[in-house]
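Got your viewer open and a hand on the mouse? Let's take a walk through this model, one selection at a time.

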Amino acid sequence: MSMNKRLISSLLIPVTLFLSFTLAGFTFPESSDKERAAWPLPPEETRISYVMTIEKPKDIGIKKSFFKRVVEIFTGKEPEPKIHRPSGVISDGNGKVYVSDTGLQVIHVFDYKNKLYKQIFKLQNEPPPGRLLSPIGLAVDKEENLYVSDSILKKVFVFDKTGKLLYSIGSKGEFGRPTGLALETSGKRLYIADTGNHKIWVYNIIEKSISSFGERGGAHGKFNFPTHMAVDSKGDIYITDALNFRVQVFNPEGKFVEAIGKLGNTIGTFSKPKGVGIDSEGNIYVVDNLYDTVQVFNRKGELLMNFGTHGGGKEGLWLPNGLYIDKDNYIFIADTYNERVQVFRYLR
């Protein structure tokens, strides 16, 4: 059933869901805690349900090997890796979740299917410092190549699936402050939000060429600090135009289509819009960093509902940033000041 009804509610309700969740071939086991955070309030049908929280490798079932535990008897217990300041998040559709962490200056890779964890940060054959400094935006292609924007180094770095650096995008002085990334549905073009230069770069992955659209301003098609992006199944591009307090939609050729949202202090307006994503039915999800919530709109810009509330716990968010929705309608949110990733699901 389509989310075609105006469902405005931010109240948390406990519901019992006797089901398990599947992410790219990995099935989350049924929780012993049957009560899950869900929205909206009855009698409306549940649309958004909490799935899980990711902070550490153990959250996806990764355990230390027997040999590692024996070694720690003599060397002391090593602290488990933990997300510190998540900025962006993405899933590759094959059981991996990537998290950019500006606090630790790394990319966390959580591999659900194979129960593996690693970090990516080394920039082989790049000039000093030879590592990521401020990883922000993320994108991943069908070959599992990972694209990472670094707002301090002012480049986009491309890694293969093993974490080896393949190449970088951006000549000296070209990018002002690259942040959000999004791949065209065909995987041919990479969109790069240049927050510092108030424009969107379009990098042709096949031809290794680059172009751009947009400039600073408040009119349609212009930007005032663009940050996050998403691409829908038709190839339309959704761009968070942060200080114009809206999301602008462009067609694949970079032509303006429409704008959603405005400045305000109530649900349905924006105070500090951040991550944006599109579900399988074309509904538009926008993180509001100051409201600590996610607002959901239809393509006409009409508010359908919102979910999440300030704080911790299953329903809580604290200054959230990036958002990504995968093909199975799992919603990943970089819950920055709670130092974690929150996973929800849109229940069709």
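How much space lies in the largest cavity? About 30 Å³. Keep in mind that what you are looking at is a predicted model.

**Stop 1: the cavity**

A search of the whole structure turns up one cavity of 30 Å³ or more. To see its walls, select Lys96, Tyr98, Lys118, Ile120, Glu144, Leu146, Asp160 and Lys161. Two strands each supply at least two of these lining residues: strand 7 (96-101) and strand 9 (116-120). Now try colouring the lining by class. You should get three nonpolar residues, five charged ones and no polar ones.

Stay here and pick out Leu146, which is found in strand 11 (residues 146-150). Is Leu146 buried or exposed? Its relative accessibility is 1%, so Leu146 counts as buried. Add Phe157 to the selection and draw a line from C-alpha to C-alpha: Leu146 and Phe157 are 8.1 Å apart in space and eleven residues apart in sequence.

Next, click on Glu144, another residue of the cavity lining. Glu144 belongs to the loop between strand 10 and strand 11. Check its backbone angles: phi is near 70 degrees, a positive value in a residue other than glycine. Why look twice at that? Most residues other than glycine have a negative phi. Glu144 also counts as buried, because its relative accessibility is 19% and the cut-off for buried is under 20%.

**Stop 2: another positive phi**

Jump to Asp292, in the loop between strand 23 and strand 24. Asp292 is not a glycine, yet its phi is positive too, at about 55 degrees. With a relative accessible area of 5%, Asp292 is buried.

**Stop 3: two cis peptide bonds**

Most peptide bonds are trans, so here are two to zoom in on. Select Trp39 and Pro40: a cis peptide bond joins them, with omega at about -5 degrees. Pro40 has its place in the loop between strand 4 and strand 5. Then select Pro128 and Pro129, where the peptide bond is cis with omega near 15 degrees. Pro129 is in the loop between strand 9 and strand 10 (135-140).

**Stop 4: aromatic rings**

Show the side chains of Phe, Tyr and Trp. How many aromatic pairs does the count come to? The count comes to 13. Start with Phe250 and Phe256: their ring centres are 6.0 Å apart and their planes sit at 80 degrees, so this pair is edge-to-face. The cut-off behind that word is an angle over 60 degrees. Phe250 counts as buried because its relative accessibility is 1%, while Phe256 counts as partly exposed because its value is 29%.

Now move to Tyr285 and Phe307. This pair is also edge-to-face, with 6.4 Å from centre to centre and 70 degrees between the planes. Trace the backbone and you'll find that the pair links distant parts of the chain: Tyr285 is in strand 23 (residues 284-288) and Phe307 is in strand 25 (residues 303-307), 22 residues apart. Both Tyr285 and Phe307 are buried.

Widen the selection to Trp39, Tyr50, Tyr285, Phe307 and Phe344, which form one aromatic cluster. You've met Trp39 before, on one side of a cis peptide bond.

One more ring before moving on: select Tyr337 and Arg85. Arg85 lies over the face of Tyr337, at 4.3 Å from the ring centre.

**Stop 5: the largest nonpolar core**

Which residues have the most contacts inside the largest nonpolar core? They are Ile48, Tyr285, Phe307 and Ile331, in a core of 18 residues. Among the elements that give two or more residues to this core are strand 4 (35-39), strand 5 (48-54), strand 24 (293-297) and strand 30 (340-346). The largest share, three residues, comes from strand 25.

**Last stop: a pocket**

Finish at the second largest pocket, whose volume is about 390 Å³. Strand 6 (86-91), strand 14 (178-183), strand 18 (226-231) and strand 22 (273-278) each give two or more residues to its lining. To find the middle, select Arg177, Thr227, His228, Lys274 and Asn321, which lie nearest the centre out of 22 lining residues. Colour this lining by class as well: it has ten polar, eight nonpolar and four charged residues.

Conventions. Residues are numbered from 1 along each chain as its sequence is written. Side-chain values use heavy atoms; hydrogens and water are left out. On a 1 Å grid over the protein atoms alone, a cavity is a set of points where a 1.4 Å probe fits but cannot get out, and a pocket is an open set with protein on both sides within 12 Å along at least five of seven lines; lining residues have an atom within 4 Å of a point. Grid points are joined across faces, edges and corners, and a volume is the space filled by probe spheres set on the points. Helices (H or I, at least four residues) and strands (E, at least two) are DSSP runs, numbered from the N terminus. Ala, Val, Leu, Ile, Met, Phe, Trp, Tyr, Cys and Pro count as nonpolar, Asp, Glu, Lys and Arg as charged, and the others, Gly among them, as polar. Rings of Phe, Tyr and Trp (its six-membered ring) pair if their centres lie within 6.5 Å; planes under 30 degrees apart count as stacked, over 60 as edge-to-face and the rest as tilted. Buried means under 20% relative accessible area, exposed over 50%, partly exposed in between (1.4 Å probe, protein chains only). A charge sits over a ring if NZ of Lys or CZ of Arg is within 6 Å of the ring centre and within 35 degrees of the ring normal. A nonpolar core is a set of buried Ala, Val, Leu, Ile, Met, Phe, Trp, Tyr and Cys residues joined through side-chain atoms within 4.5 Å.
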